[in-house]
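Hi,

Here is the structure I promised to pass on. Have a look at it first, and my notes follow underneath.

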Amino acid sequence: MRIVLVGLNHRTASVALRERAAFNAETAERASKELRSHWQMEEVVVLSTCNRSEIYGVYGQDAELGAIEAFLPQFHSIPPEQLNGSLYSRRDGEAILHLFRVAAGLDSMLLGEAEILGQVREAYRRAADSGATGPILNRLFQSAIEAGRRVRSETELGARPMSAASAGVRLAERIFGNLEAHEALVLGAGEMAEQVVENFRQRGIKRLWVSSRTREHAAALAERFGVEALVWEEMSRELARADVLVSSVSSPEPVVTHAMLVEAMAERKNRSMLALDLGVPRNIEADSSSLYNFYLYHLDDLTEIVEQNRIAREREVPRAEAILNTQISKFEAWYAGRGAADAVDDLRLRLDSRRRRVLETHAEAFAHLGPEDREKIDQLTAELLEELLKAPSSRLRHARSWRDRVQQIETLRGLFGLDSEDKS
Amino acid sequence: MPGPWSYITLALYLASLGLYVAFLYSGRRLTGRFATAALALGLFCHYFALLERSHWVRSVPYDDLYGSLSLFGWLLAAIYLGLELYYHQPSIGAFVLPGVIILFLIGSWSGHPAPATSQERGALFAFHVTLSVLAYAGFALAFLLSTVYLLQDRYLRRRPSPANWRCPAIWRFPPLDGLERMARGSVRVGLVALVAGAGLGIYWEHHTQHEILLTDPKVLTTLVILALYGGYLRLSSRGVWRGARAALMCALTFLLVIFSYAVVNVYLSQFHRFL
């Protein structure tokens, strides 16, 4: 195989280094062009996300792997001493396994995250559109995307929420179902509130208000996400409209009292309300949990749910890996089949060139023969060559497994020196 | 003797149950759709199994207890399928199908009534009985949905702990709102069927016997049931009754229905002359 991967990710590099090594669409295309024109790479895909920058390629016969590994820091003008072992490179089987694990979310910071599959797909699409891919990377990326899709649909790896905010949204869906007909009120404008707003928006909630004691903060958050800002003083009056109440305010005293909730629930005619108290100390009076049709969850509860989900996701890893192994075997079988045809073609070229040279060397011995006889000798030797190639070609095609096939190809290439510089 | 349609129906119901359980655990939409398709096919075949049985006993399915149970299972599955398609909520199938399968098994494999001729009572009577069975199937489904609601409500109110949040199916359970709406839908089907069934029964009695016996315990029980479920429908969408209390009311009402009918059928069956 001639597949190579060079890159760095969240495990090997700091955020600062990852930022420096990141590619956007334009720089990815430029890097891809450079690699193909000056670095003997035949096919290239650049995958760049906030957690990784990786270059996948198929290198030519004359490519220098060390030089390819040096390309990434060189392209971004990162001095080698700053890399400090952050850069990794993988070849063939290891590179393939790495890509499959990336596409399945097994190599992500958040195990089983969903976004990475879309990012792999997008990186491949861009490379394919710009003509940077060929048969090998086309097949490799399509197989990896298929594997990632299977892992998502056939395992629980990505099914459970992994942050307090997303766990809260899933709880809301457990009570209300589709959120498109429901409203949520978020108290606070910090990082947690931001995550909650983002999650609720993604799930298509009908209406979302943000309220903070600092009016400007609420307005800024509301503007950033295109939701409504609510004046803090009006919060208690609007409480009854909220099907979901989320509070992540930094306050020594509860900001939502039992009395406020009693009033709100009465006004709501006891329609269910979910309250997510993400503040420390608590923002919602604890005895409110006894209210009828009022479901109160604290940050600790959500953290516990997330922890259970993390354990459950980790339990799914062997199942995901089994799927990846199946898909990788399919790819390798395809690659081996392709390699067999290439090896036989190379052998044919090598032997045919030898045949011609032998005929030329002994041309004088056939000088007394007419052109028709010489033509016949040429045809006979060519037919003899084809006859000799039939058996190895057939054995390669009908190898018991792709592993046998790869082994036979390697033996053939080694015996006849098909990978050496001298093609004669 | 169960015929080929019974075996096909059983196979389809079992396949549907397996797929519904798989859907509950995997959450794959395609699995849910296959489960629904298997149930729909099972219903189709169940109809022919009922027909097959009727040919064998030369009577309508409700003429004996086992036939009635099979008919009840068929109608229960039919109402559930209708509600599932309307509310797009296949995760309840895993709870409904065991009941349907048990009813079908008892109806088709237990008791082998000898072929006998039954008294010709006409189409009105057939509709009266079928609609009444449909009504009770609707109430039974509402009972099941309300029970799941209560379990789900209890589950959501418990503090999260490793044991109660580990099961993947927990994340696939239908939402409380959906369960409540489905239960109300099921009760509505039951009420409409019961009113129509009782009305036809009274009309049939008047038409054939030229009298209406309002003191019949079954008629009286029916009126009580109508009042209770009517009250449930009215209260379940209002203030203090909304939610778990309404679900509990629905579940208890069904238990009351079962209890009162057991009493009526065992001790007072002579009053309802056509059983």
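Before the notes, one definition: a helix axis here is a line fitted to C-alpha atoms over the stretch in contact, and the angle between two axes runs from 0 to 180 degrees between N-to-C directions. Please keep in mind that this is a predicted model.

With that in hand, take helix 7 (residues 176–209) and helix 8 (residues 217–235) of chain B: their axes come within 10 Å and cross at roughly 150°. Angles over 145 degrees count as roughly antiparallel, so that is how helix 7 and helix 8 of chain B run relative to each other. Their crossing is left-handed. Where they meet, helix 7 of chain B brings residues including B:Arg184, B:Val187, B:Leu191 and B:Ala198, while helix 8 of chain B offers, among them, B:Thr222, B:Ile225, B:Tyr229 and B:Leu233. By class, this contact has 10 nonpolar, three polar and two charged residues.

Helix 2 of chain B (residues 29–57) is also worth a look. Its 29 residues should span 42 Å at 1.5 Å a residue, and because its end C-alpha atoms are 41 Å apart, the two agree. Its buried residues include B:Gly32, B:Leu39, B:His46 and B:Arg53. Helix 1 (4–26), helix 3 (65–87) and helix 4 (93–109) of chain B are among what covers them.

Finally, the two chains: 21 residues of chain A are in contact with 21 residues of chain B. On the chain A side, helix 8 (164–176) and helix 13 (299–361) each supply at least two residues. That side has six nonpolar, six polar and nine charged residues.

Best wishes

Technical notes
Residues numbered from 1 in each chain as written. Chains lettered and ligands numbered in written order. Predicted model: local features only at pLDDT ≥ 70, side-chain atom pairs only at ≥ 80, totals over all residues. Helix = DSSP H or I, 4+ residues; strand = E, 2+ residues; numbered from the N terminus. Expected span 1.5 Å × (residues − 1). Buried ≥ 20, exposed ≤ 12 C-beta atoms within 10 Å, placed from the backbone. Contact = placed C-beta atoms within 7 Å. Nonpolar A, V, L, I, M, F, W, Y, C, P; charged D, E, K, R; others polar. Parallel < 35°, antiparallel > 145°, perpendicular 65-115°, else oblique. Left-handed = near helix turned anticlockwise from the far one by under 90°.
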